[in-house]
Structure formats: C-alpha cells, structure tokens
Amino acid sequence: MTTLDSPRETSNADAVARDRANVFHSWSAQAALKPLAFAGGSGTTIWDYEGNEYLDFSSQLVNVNIGHQHPAVIAGIQNQLAQLATLAPAHASDVRGTAAEKILAHAPATMSKVFFTNGGADANENAIRMARLHTGRDKVISRYRSYHGNTGAAIVATGDWRRIPNEYARGHLHVFGPYLYRSNFWATTPEQESERALEYLRRTIVAEGAESIAAILLETIPGTAGVLVPPPGYLAGVRALCDEFGILLILDEVMSGFGRTGDWFAFDAFDVVPDLITFAKGVNSGYVPVGGVVISEEIAATFDERVFPGGLTYSGHPLAAASIVASITAFEEEQIVENAAMIGRDHLGPGLSALAERHAVIGEVRGRGVFWAVELVADSESRMPVDAAFMGALKAQLLQRGLLPFIADNRIHVVPPATVTAEEVASALAIIDEALSVVTAAVAAA
C-alpha cells in the first residue's frame with residue numbers, strides 16, 4: 001500500500017469527528033451524516049487513515065477520470081505553482097491559452113473559444129446566459145431526468161427534486177426525454193421511444209412559441225438520473241428541431257465528457273454538433289476546481305463588439321489550466337480514452353450483462369465506456385424499484401468487501417476511472433456479484 005506523509009497522526013474517527021464539528025455538507029440533513037474518511041489514493045485505489053483500501057468505482061463524483069494522484073497532473077500543477085500561482089482573468093498567460101487550445105483540439109471544428117468557470121454549474125449558468133443574449137430569447141428547455149448544477153439558472157434547469165426548493169430563476173421548461181425501460185410514451189422499441197420523445201418535444205416547442213425559446217439544454221447522456229443512453233436518432237432529432245426553429249443546442253458534458261464514455265465527448269458517438277458545450281469534472285479529474293463553456297464561432301462573434309456580462313475571479317486559474325494541459329496530454333499519450341472504450345466494450349458491458357443473467361434483481365444494465373448504471377428492481381414484471389433499505393444493505397456489503405460505489409436511488413452506477421484495468425474490473429464485478437447474492441438472500445429469508 002502506498003502511504004502519504006501526514007502532518008499529524010489521524011484515525012478515521014478523528015477525521016470524521018473534526019469534519020462533523022466544523023463542516024456543513026451539501027444536499028444533506030446534517031445530523032444524520034456519517035461520512036467515510038479517506039487519507040490517500042493512487043490510480044483506481046483509495047484508502048482511509050487506518051490503511052483499509054477500496055477500489056474507487058465511484059470516481060468520487062464521477063469526475064476522477066484519470067485516476068487518483070496521476071503523476072503527470074501533479075507535476076503540472078506543481079510546476080505552475082512554482083512559476084505563477086494565480087493571475088487575474090483579464091490578463092493573458094500561455095498556460096491558459098494552451099489549456100483552451102487542448103480542449104478545442106478535441107471539440108468540433110465549429111468551436112472557436114473557451115470560457116473558463118470554476119465548475120460545471122457555473123458553466124451551465126454562463127452557457128444559458130450566452131444563449132439568451134445571442135438569440136434575444138428567454139426560455140430554456142431541459143429534461144425532468146437531469147442534473148445541471150446548483151447555481152441560479154442551472155438548478156432550475158435541473159429536472160430532479162433538487163430544483164423544487166430553488167426555483168427562483170425564470171424562463172425554464174421541462175420535458176420528458178427517452179428512457180425506454182420506464183417509458184413515458186408507451187413505447188416498446190428504442191425507435192418508438194425516440195420518435196415519440198421527439199414529437200413530444202416538438203409539440204412543446206410549438207405550444208410555448210419557438211420564437212421565445214433560446215436553447216435546449218441536455219446532458220448528452222444523463223448521468224445522475226441513471227446513465228440514460230439516448231436511443232438511435234434522438235440527439236440528431238433534437239439537433240434538427242433546433243435548426244428548424246432557430247434554437248441553440250447546449251450539450252452538458254460535465255459528467256460524460258473527456259473519456260467517460262470512451263469518446264472525448266459523449267456526443268461524438270451520435271454524430272451531433274452542439275452550439276455550446278459545457279464541461280468540468282473529467283477535463284482535469286477535479287484536481288483543481290475548473291469548468292467551462294466551449295463556444296461556437298458564431299456565438300463567440302456575438303461578443304466581439306458587445307460586452308459579455310459575466311466573469312469569475314478564478315476564470316482560467318493558472319493551476320487549473322496547468323492541470324488541464326497535463327491531463328489532456330496524458331490522455332493523449334497514454335491512450336486513456338481508448339482504454340475507457342475497450343473496458344466498456346470488452347469487460348464492463350459483458351460483465352454487467354452476465355450479472356444480470358444471474359440476478360433477477362437486475363432490471364436493466366446500460367452504459368458506454370466507464371459510464372454504466374445497474375438498475376435494481378424488486379419485481380421484474382412490474383419493474384418496481386428496490387427500496388432504500390435494500391440499497392443501504394447493498395452499499396454496506398460493497399464497502400465491507402472493499403468497493404467504493406456510487407449509489408443513486410435504486411441504481412449502482414459503475415463509474416471507475418478511465419484508467420481502470422481489466423483485472424480491477426473483474427475484481428469489482430466479483431464483489432458486486434457476491435454483495436447482490438448476500439442481500440437478495442437476506443431479503444428472501446426475511
């Protein structure tokens with residue numbers, strides 16, 4: 001086990017006690033929290049203060065695409081720190097320009113500029129602002145099954161429960177997108193689901209007045225909502241509707257971008273080009289907070305002579321920019337995107353499908369690359385989700401066996417770093433197999 005020097009001797013209990021005494025956690029009732037404590041990591045492995053190791057198949061918040069403590073990214077940050085630690089966004093620096101250049105090299109040819117933010121939420125916030133100013137329209141359509149961040153417009157664009165206590169922004173509409181396993185359109189095939197979801201979207205556009213709609217904002221593959229891979233023709237159909245009605249298409253690649261799906265951007269697999277791309281997470285694996293908007297040449301030109309009324313003190317922060325340059329360079333040189341594609345195609349996809357054959361509780365497996373969801377159901381006919389007690393017991397079994405999972409509702413999201421090996425996948429699948437057997441047997445015996 002790799003160890004890290006620590007300024008003081010710390011136990012798991014000490015770290016948790018200090019956290020609970022001083023830290024206010026997000027999306028939580030504070031009194032009920034029982035956080036895990038972690039001291040270090042390397043690659044796909046993370047460990048606590050007492051030396052217990054876990055395979056990190058959560059990638060934390062599905063963002064550590066390059067793995068923990070990648071030496072090239074650490075060195076890039078350290079080198080920049082020694083040279084110039086911070087710089088106001090109004091100035092130019094080679095590292096910031098190079099970071100934007102590296103991102104644009106993997107974006108569509110129609111993209112010409114990058115606006116840097118501090119994370120994914122304010123990337124979506126500023127993309128929405130750009131769309132409204134460019135079109136002169138106000139409304140934004142997004143999906144109910146989505147998450148776009150926790151800032152003013154981004155949280156209202158979000159489709160899940162978290163928007164409801166935060167609906168202070170105007171001009172937001174929601175529609176249902178395709179999700180064949182729980183279809184809102186009475187569809188029985190992917191083609192029907194796609195066609196009917198697009199017709200529903202068209203009717204919404206017409207009913208709202210296309211001339212009032214600035215943008216359609218979609219996660220290319222909704223992540224937290226369940227890794228909902230779009231059916232054939234859906235994204236192309238959304239693009240066609242945007243073109244027909246003069247609406248901008250914003251694709252949120254905060255979770256799905258930079259290797260997560262086995263492509264540089266998830267939309268690469270669907271032959272679609274958006275007008276704006278939002279990113280964060282995988283662009284530097286969260287080593288330094290950063291996000292941004294990749295802007296089409298046409299939209300960027302809107303602000304050649306017109307002031308863009310937005311900015312952040314840490315936009316294009318040198319340490320964040322250095323981490324992006326180092327991360328994308330490592331992705332290129334080490335073929336990390338190709339590894340993610342191979343792992344999904346040859347190991348995770350087949351392995352999870354094999355688990356579904358053995359466990360009736362698995363209702364559906366879906367995903368690409370290192371971006372998968374396993375949906376668990378109490379009954380395969382009704383597709384009723386398993387309850388919170390089942391998921392809690394399953395999480396405990398996974399942790400006990402050394403796997404750090406990402407659990408959302410009735411799903412295990414299988415989302416390791418893009419650097420994961422076939423051997424690590426095999427170990428994780430064996431743990432999931434065993435944990436499911438233990439929990440389902442306990443439920444059957446109760």
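These legends describe close-up views of cavities, a pocket and a helix in a predicted model.

**Figure 1. The largest cavity in the predicted model.** A search of the whole structure finds two cavities of 30 Å³ or more. The largest cavity holds about 60 Å³ of space. Its lining is made up of Arg143, Arg145, Gly177, Pro178, Pro222, Leu228 and Pro230. By class, the residues of this lining are four nonpolar, one polar and two charged. Among the lining residues, Arg143 and Arg145 are charged, while Gly177 counts as polar.

**Figure 2. The second largest cavity and strand β15.** About 30 Å³ of space lies in this cavity. The residues lining the second largest cavity are Phe57, Leu403, Pro405, Phe406, Ile412, His413, Val414 and Ile432. Strand β15, residues 411–414, gives the most to the lining, with three residues. The lining of the second largest cavity has seven nonpolar residues, one polar residue and no charged residues. Its polar member is His413.

**Figure 3. The second largest pocket, with β4 and α4.** The volume of the second largest pocket is about 520 Å³. Two elements, α4 (94–104) and β4 (111–117), give two or more residues each to its lining. The lining of this pocket consists of 19 residues. Lys113, Val114, Phe115, Ile295 and Phe308 lie nearest the pocket centre. The largest share of the lining comes from β4, which supplies five residues. Sorted by class, the lining of the second largest pocket comprises 12 nonpolar, four polar and three charged residues.

**Figure 4. Helix α5 and the residue that follows it.** Helix α5 covers residues 120–135. At 1.5 Å a residue, its 16 residues should span 22 Å, and the end C-alpha atoms are 23 Å apart, which agrees. The expected span is 22 Å because the rise is multiplied by one less than the number of residues. After α5 comes Gly136, which has a positive phi near 75°.

**Figure 5. Burial along helix α5.** In α5, 12 of the 16 residues are buried, so the helix is largely enclosed by the rest of the structure. Buried here means under 20% relative accessible area. The buried residues of α5 include the run Gly120, Ala121, Asp122, Ala123, Asn124, Glu125, Asn126, Ala127 and Ile128. Met130, Ala131 and Arg132 are buried as well.

Notes
Residues are numbered from 1 along each chain as its sequence is written. This is a predicted model: local features need pLDDT of at least 70, side-chain atom pairs count only at pLDDT 80 or more; totals for chains, interfaces and linings use all residues. Side-chain values use heavy atoms; hydrogens and water are left out. On a 1 Å grid over the protein atoms alone, a cavity is a set of points where a 1.4 Å probe fits but cannot get out, and a pocket is an open set with protein on both sides within 12 Å along at least five of seven lines; lining residues have an atom within 4 Å of a point. Grid points are joined across faces, edges and corners, and a volume is the space filled by probe spheres set on the points. Helices (H or I, at least four residues) and strands (E, at least two) are DSSP runs, numbered from the N terminus. Buried means under 20% relative accessible area, exposed over 50%, partly exposed in between (1.4 Å probe, protein chains only).
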